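Here is a friendly walk through one protein model, written for someone new to reading structures. Keep the picture open beside the text and look for each part as it comes up.

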Amino acid sequence: MKTALLGFVSIVFLIGSALDAAFAGTQVESQTASWCQAKPGDTRERLATLMGEPKYSLGTQMTWLAPPLSFYAFLDANGTAKQLDINTGSLNDAQKAALPCAATRTRHSMLLAAKQVPVHTPLPACQLVSAAEMSVILGAPVSATSDDRPPASTRCTYKPASGISPQVELTFNWGDGAAAMSGLGLAGKREPGLVSPFDGLGDQAGVAGPALLIRTGEDLVTMVFAGVGALPAKAKKIFDTAKARM
C-alpha cells in the first residue's frame with residue numbers, strides 16, 4: 001500500500017512539473033494522474049473508483065470533466081473499457097507532449113507497447129482488398145476511399161463508378177475480435193433473431209443488422225453491404241483476399 005501511494009505521489013509530482021505551472025495543484029493535475037492509472041480492460045466500476053462518478057454516463061460511454069481537459073471511456077458490451085481518450089484541444093503542443101500517458105489508448109495499442117503481440121501489417125484496408133479486386137468480386141467497377149486510424153483500425157469504403165450500388169464498407173479493428181463476438185452473443189440473447197450465425201468465415205462470425213462481423217484470431221473484420229447480391233459467396237471472397245495479406 002505504501003509503495004502504491006508513493007508511486008501515485010510521484011506521478012502527481014511529475015505531472016505538476018510537466019503540464020505547466022497553471023495546472024499544478026488543480027483538479028486537472030489530480031484527474032490526469034488518476035486517468036493515467038486507468039487501463040483499457042478496466043471495468044466501469046474500476047474507472048469510477050479512480051476518477052469518481054462520471055459527469056455523463058450514456059450507454060457505453062463515460063465522461064469526466066476537468067477543464068480544460070475532458071476524459072472519455074468507451075466500453076464494450078461487457079462494461080469494460082476498450083478505448084480511453086483525453087480531449088487535448090485546449091492544450092498547447094508542449095502540454096500535449098508532457099502528458100504522462102497517450103491521449104488515446106486502446107487494448108491493442110497497450111499490448112503493442114508492452115510487446116505482447118506482433119505488430120500488424122502496415123497495409124491499410126484499401127490495399128488489403130484493392131478497388132480492382134473488389135470490382136471483380138462485386139461484378140461492377142468501384143472506387144475505394146480509405147479511413148485509416150493506426151494502430152487501432154483501418155477502413156475502406158467501396159462505391160460504384162455510377163449509380164448507388166453495389167457498395168461495401170470494410171473495416172479492420174485490431175485486437176477487438178473477442179469483445180465484438182461477446183457483444184454479438186449478448187445481443188442475440190436479448191433479441192432473438194437480431195443476430196444470425198454466418199458459418200465458414202474466420203474463427204467466428206455473425207450478422208447484426210446490415211453488418212457482418214468476423215473474428216480472425218484476436219482481430220475483428222466488419223463488412224457492411226448495400227445492393228450486393230449472392231452475399232455469402234462474395235463476403236467469403238473479400239475475407240479470403242484480405243486474410244492472405246493480414
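A hairpin of 3 residues links strand β6 to strand β7. Please keep in mind that this is a predicted model. The two strands, β6 (residues 142–149) and β7 (residues 153–160), run antiparallel and are paired over 8 bridges. To find one of these bridges, look for Thr145, whose partner in β7 is Thr157.

**An open sheet**

Now look at another part of the model, where 5 strands make an open sheet with antiparallel pairing, in the order β1-β2-β3-β4-β5. Which strands stand at the edges? They are β1 (56–58) and β5 (104–106); each has a single partner strand, so one side of each has no neighbour in the sheet. From one strand to the next, the twist averages 10°.

Within this sheet, β2 and β3 pair in the antiparallel sense over 6 bridges, and Gln61 sits opposite Phe74 in β3. When you trace a strand, a general rule is handy: side chains in a regular strand alternate between the two faces of the sheet.

The table sets the two strand pairs side by side.

| First strand | Second strand | Sense and bridges |
|---|---|---|
| β6 (residues 142–149) | β7 (residues 153–160) | antiparallel, 8 bridges |
| β2 (residues 61–66) | β3 (residues 69–75) | antiparallel, 6 bridges |

**A helix with two faces**

Helix α3 spans residues 44–51, and its buried residues are Leu47, Ala48, Leu50 and Met51. Why do they lie on the same side of α3? Because they cover an arc of only 165° around the axis. The general background is that an α-helix has 3.6 residues a turn, so residues three or four places apart point the same way. On the face of α3 turned away from the buried side you will find the exposed residues Glu45 and Thr49. Gly52 follows α3 and has a positive phi, near 85°.

**Where two helices meet**

Ile137 belongs to helix α7 (residues 131–138). Is Ile137 buried or exposed? Its relative accessibility is 11%, so Ile137 counts as buried. Leaving out residues up to four places away in sequence, Ile137 touches Lys234, Lys237, Ile238 and Thr241. Ile137 and Ile238 are 101 residues apart in sequence, yet their C-alpha atoms are 7.3 Å apart in space.

Thr241 is part of helix α9 (residues 231–243). Its contacts beyond four places in sequence are Leu128, Val129, Glu133 and Ile137. In addition, the side chain of Thr241 reaches the backbone oxygen of Lys237 at 2.7 Å.

**The nonpolar cores**

In soluble globular proteins, nonpolar side chains tend to be buried together. In this model the largest nonpolar core has 26 residues, and Met223 and Ile238 are the ones that touch the most other members. Two or more residues each come from α6 (125–128), α7, β7, β8 (167–173), β11 (211–216), β12 (219–226) and α9. Which element gives the largest share of this core? That is α9, with 4 residues.

If you select Met223 and set aside its neighbours within four places in sequence, its contacts include Glu169, Leu170, Pro210, Ala235, Ile238 and Phe239. Apart from this core lies another one, of 20 residues, among them Val28, Ala66, Phe71 and Ala81.

Note on methods
Residues are numbered from 1 along each chain as its sequence is written. This is a predicted model: local features need pLDDT of at least 70, side-chain atom pairs count only at pLDDT 80 or more; totals for chains, interfaces and linings use all residues. Side-chain values use heavy atoms; hydrogens and water are left out. Buried means under 20% relative accessible area, exposed over 50%, partly exposed in between (1.4 Å probe, protein chains only). Contact means heavy atoms within 4.5 Å. Two strands pair if DSSP finds at least two bridges between them. Axes are lines fitted to C-alpha atoms, for helices over the stretch in contact, and angles run from 0 to 180 degrees between N-to-C directions. A polar contact is a pair of N or O atoms within 3.5 Å; within protein, one must be able to donate a hydrogen and the other to accept it, and residues adjacent in sequence count only if both atoms are side-chain atoms. A nonpolar core is a set of buried Ala, Val, Leu, Ile, Met, Phe, Trp, Tyr and Cys residues joined through side-chain atoms within 4.5 Å. The arc is that of the directions from the helix axis to the C-beta atoms.
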